[in-house]
Amino acid sequence: MIETAFEEMERCCKFMNLSITAEELAQLCEALNMSDRETGNLKEVFKALERKKNEAIINTCLKLSRLPLKEPKTFETFDFSRLHGKDVEKLKSLSSLSPLYEKKNIAFIGPQGIGKTHLSMAFGRACCEAGIKTYFIKATELDQKITAARRNDRLSRLVNGLIKSSCLIIDEIGRCTFDTENTRIFFDIVDRRVNKDGPNCMIFTSNKSPGTWEKYFNESDSLLCALDRIFDEALVFMMKGESYRGRKLEMFAIETQSTSRFLKNTK
Ligand code: ADP
Ligand code: MG
């Protein structure tokens, strides 16, 4: 079905938070005695404004994401031909952002230099380009930020910000150990994210198998079920091989249904 010029203008206006209907726009053009050509030109003006607004949203998302703006890591600049394994297609399909809508978390696990951070940033960038709120943070920075926020009485602000992002990327789990209070706060964030509406995905990178992650968090009882929630229906890409400068690279993906099973199996 082809959209009329008035319907297109209505859609552009809606995107710009202006409520005017196709009917009202048609009446306005009629009252102004506008020719078809003039109506067409007006539509082009609306479309240009819509593009501008879209660009502004993307730029804001990129700025707030903390992803590198210069030399960004993208799916386009990732050399998939270096990867082998039955699940490479699954990895490539991440660019569709389907895990975000299926509310599946993602973990990239593997040795240094293999492309884990690149892939997580590529996913984050694609989210920003779709106007989706994204936040990238290294686990060590997150730990420091939580500690600082606790001291400065700014914890709820930090936590709310981390919950708000539809895509939250936590890089290098296992680089530091969260103390008891920071662990509790971290899992509170995980918990509250699980229950939120709309597109939602957490991405983790680590060179440690998820089965050993409990070492990096200081809590025993509630930890396993919190990790369970992270990996519930998650996509876990176990990558192995040499670093980017190396030659051989194999890639395996495991899709988990139940995490406790996955955690036990990988211990
Ligand atoms: P990791 O996080 O696994 O330690 P990175 O993602 O930081 O590794 O990758 C190290 C460097 O190599 C980065 O500059 C990254 O862009 C690049 N790199 C790694 N794998 C690839 C790849 N398959 N194609 C393109 N660049 C890659
Ligand atoms: Mg990395």
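Student: In which sense do strand 3 (residues 167-171) and strand 4 pair, and over how many bridges?

Tutor: In this predicted model, strand 3 (residues 167-171) and strand 4 run in the parallel sense and are joined over 4 bridges. Two positions show how the strands are aligned: L168 stands opposite M202 in strand 4, and I170 stands opposite F204 in strand 4.

Student: Which element belongs with strand 3 and strand 4 in a β-α-β unit, and what is the handedness of that unit?

Tutor: Helix 9 (residues 180-194) completes the unit with strand 3 and strand 4, and the unit is right-handed.

Student: With which strands do strand 3 and strand 4 make their other pairings?

Tutor: Strand 2 (residues 134-138) pairs with strand 3 in the parallel sense over 5 bridges. Within that pairing, Y135 stands opposite L168 in strand 3. Strand 1 (residues 106-109) pairs with strand 4, again in the parallel sense, over 4 bridges. Here I106 stands opposite I203 in strand 4.

Student: How should one read the two faces of a strand, and which residues of strand 4 lie on each side?

Tutor: The general idea is that in a regular strand the side chains alternate between the two faces of the sheet. In strand 4, C201, I203 and T205 are on one side, whereas M202, F204 and S206 are on the other. Both faces are covered, for each of these residues is buried. The count for strand 4 (residues 201-206) agrees: 6 of its 6 residues are buried.

Student: Why is strand 3 described as largely enclosed by the rest of the structure?

Tutor: Strand 3 is so described because 5 of its 5 residues are buried. A residue is called buried when its relative accessible area is under 20%. By direction, C167, I169 and D171 point one way from strand 3, while L168 and I170 point the other way, and all are buried.

Student: Is N182 in helix 9 buried or exposed, and with which side chain does it make a polar contact?

Tutor: N182, a residue of helix 9, has a relative accessible area of 1% and is therefore buried. Its side chain makes a polar contact with the side chain of R150, at 2.4 Å.

Student: Let us turn to the ligand. Which of the 13 residues around ligand 1 come nearest?

Tutor: The nearest are D79, G113, K116, T117 and H118. By class, the shell around ligand 1 consists of 4 nonpolar, 6 polar and 3 charged residues.

Student: Which protein atoms lie at short listed distances from the nitrogen and oxygen atoms of ligand 1?

Tutor: It is useful to separate backbone atoms from side-chain atoms. On the backbone, a polar atom of D79 is 2.8 Å from a nitrogen atom of ligand 1, and a polar atom of G115 is 3.0 Å from an oxygen atom of ligand 1. On the side-chain side, a polar atom of H118 lies 2.6 Å from an oxygen atom of ligand 1. As for cover, ligand 1 has 550 Å² of accessible area on its own, of which the protein covers 81%.

Student: Which residues have a positive phi although they are not glycine, and where are they placed?

Tutor: N33 and R66 are two such cases. N33 has a phi of about 60° and is placed in the loop between helix 2 (22-31) and helix 3 (36-65). With a relative accessible area of 67%, N33 is exposed. R66 has a phi of about 70° and is found in the loop between helix 3 and helix 4 (88-92). R66 counts as partly exposed, at 34% relative accessibility.

Student: How far is K90 from F237, in terms of C-alpha atoms and along the chain?

Tutor: Separation in space and separation in sequence should be read side by side. The C-alpha atoms of K90 and F237 are separated by 9.4 Å, and the two residues are 147 residues apart along the chain. K90 itself is placed in helix 4 and, at 34% relative accessibility, counts as partly exposed.

Technical notes
Residues numbered from 1 in each chain as written. Chains lettered and ligands numbered in written order. Predicted model: local features only at pLDDT ≥ 70, side-chain atom pairs only at ≥ 80, totals over all residues. Heavy atoms only, no water. Near = heavy atom within 4 Å. Polar contact = N/O pair within 3.5 Å; in protein donor to acceptor, adjacent residues only side chain to side chain. Areas by Shrake-Rupley, 256 points an atom, 1.4 Å probe, with all protein chains shown as cover. Nonpolar A, V, L, I, M, F, W, Y, C, P; charged D, E, K, R; others polar. Buried < 20%, exposed > 50% of the residue type's maximum accessible area, 1.4 Å probe, protein only. Pairing = 2+ DSSP bridges. Right-handed = clockwise from strand over helix to strand, strands pointing away.
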